[in-house]
Each structure stands twice: as structure tokens, then as C-alpha cells.
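Reader: I'm new to this, so could you walk me through what's on the screen? I'll keep asking until it makes sense.

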Amino acid sequence: MNIDWKNYKPILIPAIKDLHKIDVYEKNGGYKALKKVLSGKSKMTPEEVVNEVKDANIRGRGGAGFNAGLKWSFMPKPDGGPRYLACNGDESEPGTFKDRKIFEYNPHSFIEGAIIAAYAMQIQTIYVYIRGEYRDFIDMMDVAISDAYKKGYLGKDILKSGFSVDMYTHMGAGAYICGEESSLMNSLEGKRGYPRVKPPFPAQKGLWGRPTTINNIETLANVPLVINNGAKWFKGIGAETHPGPVLYGISGHVNRPGVYEYPTGMLLTDLINEVAGGVPGGKKVKAVVPGGSSTPPLRGDSLDGVRMDADSLREAGSMMGTAGICVVDETVDMVDFTWRISGFYHHESCGQCTPCRDGTGWLEKTLDKIRRGDGEMRDIDLLYEICTKMEGRTICALADAAAWPVRYALDRFREDFEARCKKTVYALA
Amino acid sequence: MAEIIIDDKKFEFEEVGKVLQFILDNGMDLPFFCYHPSLSIPANCRQCFIEAGQMVKDRESGEYELDEDGNPVIRWFPKLMTACSLDMADGMVIKTHVTSEKVKVAQADTLELILINHPLDCPICDQAGECPLQIQTYKYGPEGSRFEHKKVHKPKRIQLGPRVILDAERCINCTRCVRFTDEVSKTHQLSIVSRGDKNYPITAEGQVFDDPYSLNTVDICPVGALTSADFRFKARVWEMNQTPSIDVTNGKGVNIDLWTRDNLVMRITPRFNKEVNDHWMPDIGREAYRLFNENRVSKPIIKLDGDQVRSSWNNAFMTVSEKISSVKSDEILLIGSPYASLEDNYAFQNWFNRLGVSDVYFTPHIEKGYGDDLLLVDDHAPNTNGCKALGFKEVDAKKMAKLLSDESYKAVFILGDDLLSRVDIDDSALESKYLVSFATNHTETTKKSDLVIPITSSAEHIGSYINVDERIQRTIPAKETMYTNRKLDLEMSMGRLDHFGTKFDNWVSDKNRVDCIPAWEVLVRIGNEMNLEFNFASPQDVLEDITDKIPALENVSYDRMDKENGIALKLSAPKSVTT
Ligand SMILES: Cc1cc2nc3c(=O)[nH]c(=O)nc-3n(C[C@H](O)[C@H](O)[C@H](O)COP(=O)(O)O)c2cc1C
Ligand code: SF4
Ligand code: SF4
Ligand code: FES
């Protein structure tokens, strides 16, 4: 696979001044996809939209990488009662900061995508759940939404098609767990943000017990591109099994951290060395977390040929996640790094499930013990065991997200841990 | 019929329920904490792990596919499943800790995790002895703990409300208490606050947990995080005897257990009855334990020159028989009681019938608007329907006042009821009458009585009560009186102390025995004095006489009440009482 990334022109967030303003957006082809779907000769039925999006294989950008159109097709037939679309802009995973760029620079692409999604699933109400710390972006979104209402893209009888839909923003209150889709629904309902037991799945019983679909902001921003240019065109971008443009959020030890839009399937090394300008001081890359803090860290010396798509990363022993890439240089002790991540998950566990509630704390405390130099070799085994007690045994995936970074850091950077646990290793007399 | 295989044993089932409930219903064991049959299922404790799979069916033949060895092909769920939230299905295969090492390890893992932040203060915890966490840890837990860090500290001794105290460190976050206030009592007063291992349930700031059903959360809390402000530190569970009984402070007839130690009722907890109260009871019913211990009438009381003084039983019996002989039968006013048992009321009616007094009156104790839509009804008394079934004449408080002031009555007999506290009547109107009351506690009525006969309470006798829904249920003695003995009365429960305590042991002292006799027996004894043919030997005798005579109560027996958890009657059937 060869990606001509050097000549790639951004399409999710094109470099157009004031694109967040609705007039500018319209002038540059904005809301064309919505018009195509709802009016004129090109008018599409909801099923046609679902099929087109399914065919395009937009894989969810919220972390799990599930085909968006396929998810939409799980919605039951309308029965006259309410149905909901919840747009996930909670964006709280460490190393992930890409949806904010859409709120800031191209909010209407997301709004347009969400309206098309609502039409495809015959939904009348859209909630946009945005993390509370994004105060400014929430205000910006409110302006964008009210402009879309004024132009008749939202509200009653949109473009005289007979289709109506409303959109509301909802502010999070500082909980990472509220980004988990079922917790997000509880939070939207005004309840404590506890993830729900599945089944039932959101398409069967979601918000207020009604059919609901949850999509990430970036996922939905891709929808107008698919409608305007067709699934075939979309599938031609980037990796075959994981196509489309992606907002790569690169952070850590690089010279130019930031959010960069490129096709999927980019070589990790290209992203680090070329796009982000390499590691400061020419230091070696020790580790890379490729898709947000919950994805297993890769060793810096095993990055050759690793590409940013689901298949390639699975092969390399990690995941695409949110494409939030964190680069760690050789000066970092992975014990410290892992401890810091563990601290986050300990702080953010909602506390419902025993393995997560108490396991996250035990991980952090044990790592802290090692970090302080009090570690013993048996603590390494204990860490593995705690991970085993947590993985796959909880209501939501946070426990896995907390365990994996530890398990894989131990697997891949064991020397760092052993070095700190030396105290209990005695030389044979 | 649909089939499910659990630990290699085949079971048939009709209704699709949850796997955990099915396992429990079929006498097998599985550890669990958050699940409660009468609440929603959050599956959060992750204790009830099992392996689950599905036998694969051949699409064409509809038969189960077999492997080379002739065993059914099973498609296993990739992860361990929580039995509490898993729906049963035809052809499902389940492995519990009995047959799966993986399950056994996972159950021990969860317990180890629960315990790392648990204070382990069992020696001073009220829950010890009836603590699911303690029990499950003994059965399924790890040997010890490998946690060597500081435990999380949380608020302790928090008075959530007038009746409930929280120790957040003991909380295992099962959310049962929260779900109870959300789903059953619907006050929504409790919520979990904070996150992760720091979270615990509490009320909103400034709010008091005064839910009228708050103490149910203490019952269902699987640890000692919620304890009863009144009961805590009063008794250890293993020191008490547990006796099934009926709440006699409300017409609903909530099924309860009386917990006694040294002949004092220490606490009252609800007993499951799907038809009456499910697993719950109102807080107010629990406070009734004091009625059994305090302010009791012990030994008869007689008025001498205007003063009430203690009397011997013989003297009391003689006084009654003399009094009765000195008046005509139409000068006697009989007042039965919705608070007394069916047996006592019937004996009362039957005894006086033999003297030619046929009418028994009673005044229900109904307070409009007192009830709620859960377990409290407007009727304060446990046996209003019993009085009706016996054909007693129902009169309201005004009419009752009139009857009591009627000059033609010279003697008034009041059975087990503080009638005068709800009937407005001048003391002077009573002056010309001789007032005899049969009572358990000192009340307004006993104060005004010329003779008070102490009778047993529902904690001391066998008695049946017909609740507002026409359900007949009975009590079993939980406390000894001066004249009963646990070791002789085979119905009474025996505790460790009853077995091993001695007279000199201050746990088994005589001082808490009340000097009282069941009302029916009092009447037998006075009858003897008067050579009356009235020879009941037990409450069972009385009940048999009742069931012979009252068609609506045909076939009712203690045995049936016990086996069927009470019997639903149809009292609307024509009443004909001829004794
Ligand atoms: C602990 C946890 C946190 C999550 N946080 C987010 C988040 O902040 N934003 C997001 O889009 N998805 C988040 N997800 C994933 C969502 O549950 C869900 O899969 C996603 O929003 C679906 O959208 P998509 O299919 O478009 O990716 C989180 C998942 C977990 C388990
Ligand atoms: S896994 Fe953790 S965050 Fe997820 S529901 Fe359970 S306790 Fe909450
Ligand atoms: S207080 Fe008790 S019932 Fe409530 S959540 Fe904690 S352990 Fe469960
Ligand atoms: S009983 Fe708590 S998870 Fe099943």
C-alpha cells in the first residue's frame, strides 16, 4: 500500500478561512449532501442512505471502529414513538483531542452528517453530548446549530421534504465514563453516569427506553463526504479495510504536536518523523501509544511497517482506538508512564463493577510502590494477576482499558519494571 | 418442555427467568450480592459468574449436533457471564463453581477485590453473623489478602436519617439501597456519590433519609454499611431467636420475624410473603417491638377505694364471677377487639353466649388517609375482618360512646383494645358501671378500669388474624410468659442461650417474663370458677370450634396457614354465627 500523503488535501477540515460560519460553509459546498438526500431528482430513501454509508465502511472514530452504516441498520422499524441519535463529543481519553477541531473549525460538516444520519434512521431528536471542559466549543456549537435552524436545515419540514428533526447540545460534567455510550445515555437522562448492562443494546432500548444510535462526532462528519462523492470514492481513501480520512492527534515527545488530517493506513513512522517533525533532540522513540491511552503501547523499536488502520495495528499488538498517538522518548521510565495512566483509570472508574472499582486502585497503588523503589519481583506477577481479574469481567470496557496498558507495558517493557524491583533480588551467595 | 443443563444435570423449565434465580430456586448455591429478586438487575457486583453456552442445533433436523464422541456440540460465550442478568434459554448449558475451575477462580477473585478496601471490622459490626459478605467469603473467598496498601477511607457513622446510620467504608456499592428508594419506596432519597473506589450512597445535601420504609435498606444491605440507629450494638445475631409472626400494628398483616433474646423482643424484620408484603415492611411496624417489652400489664390490677392495686389471679377470677352473678345478662355490655386474635374474640363471644349475652360490639380503628400505596392501610388494627367474620356488631366511635353511657348496662367487658383512647366519653358516664378490661399494655382504658386482666400479646401466644385483604395468618409464641417454657412448648424457637443458659446466667433471667395468660385461657379459668361448660385446652381447640361453625373459615388450620403462608378467605360468603 502506498499512500501519497504528501499531496493529500484535507477534506474533513479543509483549510478554508471562517469555515465555521454557515455562509462560508454553504459557499464551499456545504449542505449540498443534505439537499441531495432530501430534495430534487437525487432524493434518497432512508434505506438508500443507510446502504450507501454501510457500503462506504466508515469505521467508528470513537474507539471501537464499528461500521457506522451497519450500526444504523440495527435500528428497528419506526413505530411512531420517539427515536434518538446521540452524538458523542465527550472526548476524554488521554491523548485524544480531535473532535474539538471539528467543533472549532468545521461544525457544520458534523451537523449536516448528523441530520443525514437522523433522516436515514427516521430520528426526530439529536443530542450532542460535549465534554464540559469544552465550554467555548459548546457555545460555538450552539451558534452553529441556531444558524442551521435559521437556514431551515434543522427544525420542521426541512427543505420542504416533510422530514423534521431537532438538535440539542448537552454539557458533560467532567466524567470520562460518560463517553461510554450507555453511560452517556444515563447522563443525558439526568441520571448518574453508570454504564448499562448489555443486552438490551441501544438500538433496542436506548434513551428513555427508545431506539437510539450513538456515534462519534468525527464519524458523523464523514457522512456528507460519502453522500457527495459516493461510497466507492470514500473506500478509495487510505486503507482498504478501514478507509477514509482520519484526524490524527499526535502528542508527547514530538517536535510538532497537533491534530493532522491524513488518510487511514499511514505509516506510524511517517506520522512521527515526518508529519510531527520527529522526536526533540533526536532522541529515540521508546514507546508509542497509537490510539488513546487505553490502547496497548508499542515498542519504539517495533514500529517498522506498522500502519494506522485496524488490521495493521492488530497485527502489531495494539488498536486504532481514536487515532490519538502519544510518543514517548527514551528518557521516560515506563513504570512512571504506566503508573500515570493507571492513575487516570483509577480516578475515572465509575465504581459500579467490583473488578474495575477496586482493581484500578490496586493497579495504581502497586505501580506506585514500584515507582517509589519499594517494588518486589512478586509485584510484577501480582500486576498481571490483577489485570486478569479485571479483563472481560465488567459491564463496560473501562476495566479492559485500564488493564491493557499495564499488561502490555509489562510484556513489552519488562526491563523497566524489573529494574525498579531489584531490591528483592538477592545474588546467590 | 425447554431444557437447561446446569453442572451436568438436566432441568426442565416453562417460564424463562434469570439463570441465578433458577439456580437458587432449585436448591443450588451461587454467591451473589447486588441481585435482589424484587429489584431491578444492575449486575454490578460481578460475583455470580458462571460459564454459559448453547447446544448447537442442526438447522434441518432440529436435533442437537453431536461431536465424534457423541457429546452435544456447545457454543460457549467467550466471557464469563453474570447469572443474575442472563436469561435462560432452551438448550443452554451452565457451569458453576461446581464444575468449572475458571468460575471458581473468578468468584474468589471478585471477593478478593471486594475485600481489599473493606475495613474487616466484623468483630464490632452489627451485620456479623448474618452478613452475606462474610458468608460468601467463607464459602468462596480466597485464603487471605495480598493487598498491602492503605485502604480507601470514607465517611463513617453518618446519621443518614432518624433510623439509619451509614458506614461508607463497609459499603460494597451494590446499589441495593439506592434501587430500593428508587423502585419500591419511590422517595429517591439515596444516590451514589463520587466515583470509583471512593463512592458511597448518601442523600442529597441537606436532605434527611426519612423515608417511611428506610429500614428495609438495612435489611437488604449485604454488609454492615447501613445499620439501624435503634438496634445497633444491642444484640448479636447469634444470641437471638427468630420467630415467624405477623405485624399487629396495621391491618395489612405484614409477615415478620420477631427476634428475641432473654424474653425481650430486640427487633422486628420483614418475612417474605409474595401475597402480602413481598420482602418489605414499614418502619413504623418495627418500632412495635417496644410494645412487647415495655409498659406491660403484669399480674391483675383491681380498683380498691379508687386506687388501682395489684391483685392475685384467684382474687381477680373471683371478682369477675361475683360481678357477673350480680347482674342480669342484658346488663352486660361486651366489646370485642380488632386488635385481639380470632381465637380470643371467639372465646370471648362464646363464653358470654353461654351466659345468655349474645351481642358483641366492636369499633374499628380506622384513620382515613393514614395508609399509603405500599404497605400501610388506613386500618390500624390487625383483625377487623376477624371481628366481622364472627358477626360482631360494628359501631363507630360515636355510637360506641352512646353504648358506654347507656344507663342500662351495669358491667362492661373490653377485650384487648385501648378503646377509650379513641372513643370520646366522659369519665362520669362510666362511673355507674363495673369496667373489666383484658389488656396487654397499660393504656387509657386500663387506667379507667375497675379490673384489669393481663393477657398475652401476639409475641406470646398462638393467634390468628384476618387482614384487610381477608387473609388469615397466625402468630407463634416468641417470648415466654411466667407460665410458658421454651423447652416444653415445641413450637417455640430455641436459641443457643436457651439451650445452654442457666438460671444464674443473666441472659436467661426471669425478670423479663410477663405475668399474663391468653384471654381464652382466662375465660376457661373463670368458667371453672363458675362451673361453666367451657373446656378449650388450646388455641387449636378454639380454632377448630370456629372452623366448624363458620363456613367461610372451613378447612382453615394452623398447618395450612404455615404451609401456604396464610390463607385467602372469602368472607363475603353469608355469615351465620350460631354458637
Ligand atoms: C470508557 C469509555 C469511554 C469512551 N469515551 C468515548 C468518548 O469520549 N468519545 C467517543 O466518541 N466514544 C467514546 N467511547 C466509545 C463509545 O462507547 C462508543 O463506542 C462510540 O461513541 C460509538 O461511536 P462510533 O461508532 O461512531 O465510534 C468510550 C468507550 C468507553 C468504554
Ligand atoms: S467497568 Fe468500570 S467504568 Fe465500566 S461500568 Fe464497570 S466500574 Fe464502571
Ligand atoms: S450501603 Fe449497603 S445496600 Fe447500599 S450500596 Fe452500599 S453495600 Fe449496597
Ligand atoms: S449478583 Fe451482582 S453481578 Fe450478578
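**Buried charges and their partners**

Author: Let's start with one arginine in this predicted model. Arg61(A) has a relative accessible area of 4%, and anything under 20% counts as buried, so Arg61(A) is buried.

Reader: Okay, which residue does the side chain of Arg61(A) meet in a salt bridge?

Author: The N to O distance in that salt bridge is 3.7 Å. The pair links distant parts of the chain: Arg61(A) is in the loop between helix 3 (46-56) and helix 4, while the partner is in helix 9 (residues 217-221), 157 residues apart. The partner of Arg61(A) is Glu218(A).

Reader: Is Glu218(A) buried or exposed?

Author: Its relative accessibility is 1%. The cut-off for buried is under 20%, so Glu218(A) counts as buried.

Reader: Which residue of chain A does Glu148(B) meet in a salt bridge?

Author: Glu148(B) sits in the loop between helix 3 (132-140) and strand 7 (158-159) of chain B, and the pair crosses over to helix 16 of chain A. Glu148(B) is partly exposed, with a relative accessible area of 37%, and the partner counts as partly exposed at 46%. The closest N to O distance is 3.4 Å, and the partner is Arg378(A).

Reader: And what is the relative accessible area of Leu383(A)?

Author: Leu383(A) is in helix 16 (residues 377-390) of chain A. This leucine is buried, so expect a value under 20%. The relative accessible area of Leu383(A) is 0%.

Reader: How many salt bridges does a search of the whole structure find?

Author: One of them pairs Arg170(B) with Asp167(B), the closest N and O atoms being 3.6 Å apart. Some share partners, and a single network joins Glu385(A), Lys389(A), Arg393(A), Asp109(B), Glu112(B) and Arg146(B). Over all chains, the total is 72.

**Overall build and surface**

Reader: How does the radius of gyration of chain A fit the globule rule?

Author: Chain A has 18 helices and 11 strands. For its 429 residues the globule rule gives 22 Å, and the chain comes out close to that, so it is as compact as a globular protein of that length. The radius of gyration of chain A is 22 Å.

Reader: What percentage of the residues in chain A are buried?

Author: Counting as buried takes a relative accessible area under 20%. Of the 429 residues in chain A, the buried share is 61%.

Reader: Which residues make the nonpolar surface patch of about 260 Å²?

Author: One member lies in the loop between helix 4 (68-72) and strand 1 (84-89) of chain A. That residue, Phe74(A), is at 46% relative accessibility, so it counts as partly exposed. The patch is made by Phe66(A), Leu70(A) and Phe74(A).

**Backbone and ligand**

Reader: Which residue does a cis peptide bond join to Pro199(A), with omega about 0 degrees?

Author: Pro199(A) lies in the loop between helix 8 (181-188) and strand 4 (212-216) of chain A. The bond from Lys198(A) to Pro199(A) is cis too, with omega near -5 degrees. The residue joined at about 0 degrees is Pro200(A).

Reader: Last one: how many charged residues are in the shell around ligand 2?

Author: The ligand is surrounded by 13 residues, and Cys350(A), Cys353(A), Cys356(A), Thr394(A) and Cys396(A) are the closest. The shell divides into nine nonpolar and four polar residues, and the number of charged ones is none.

Conventions
Residues numbered from 1 in each chain as written. Chains lettered and ligands numbered in written order. Predicted model: local features only at pLDDT ≥ 70, side-chain atom pairs only at ≥ 80, totals over all residues. Heavy atoms only, no water. Patch = residues over 30% accessible without salt bridge, like charges linked within 9 Å, V, L, I, M, F, W, Y side chains within 5 Å. Areas by Shrake-Rupley, 256 points an atom, 1.4 Å probe, with all protein chains shown as cover. Salt bridge = Lys/Arg side-chain N within 4 Å of Asp/Glu carboxyl O. Helix = DSSP H or I, 4+ residues; strand = E, 2+ residues; numbered from the N terminus. Buried < 20%, exposed > 50% of the residue type's maximum accessible area, 1.4 Å probe, protein only. Near = heavy atom within 4 Å. Nonpolar A, V, L, I, M, F, W, Y, C, P; charged D, E, K, R; others polar. Rg over C-alpha atoms; globule rule 2.2 N^0.38 Å.
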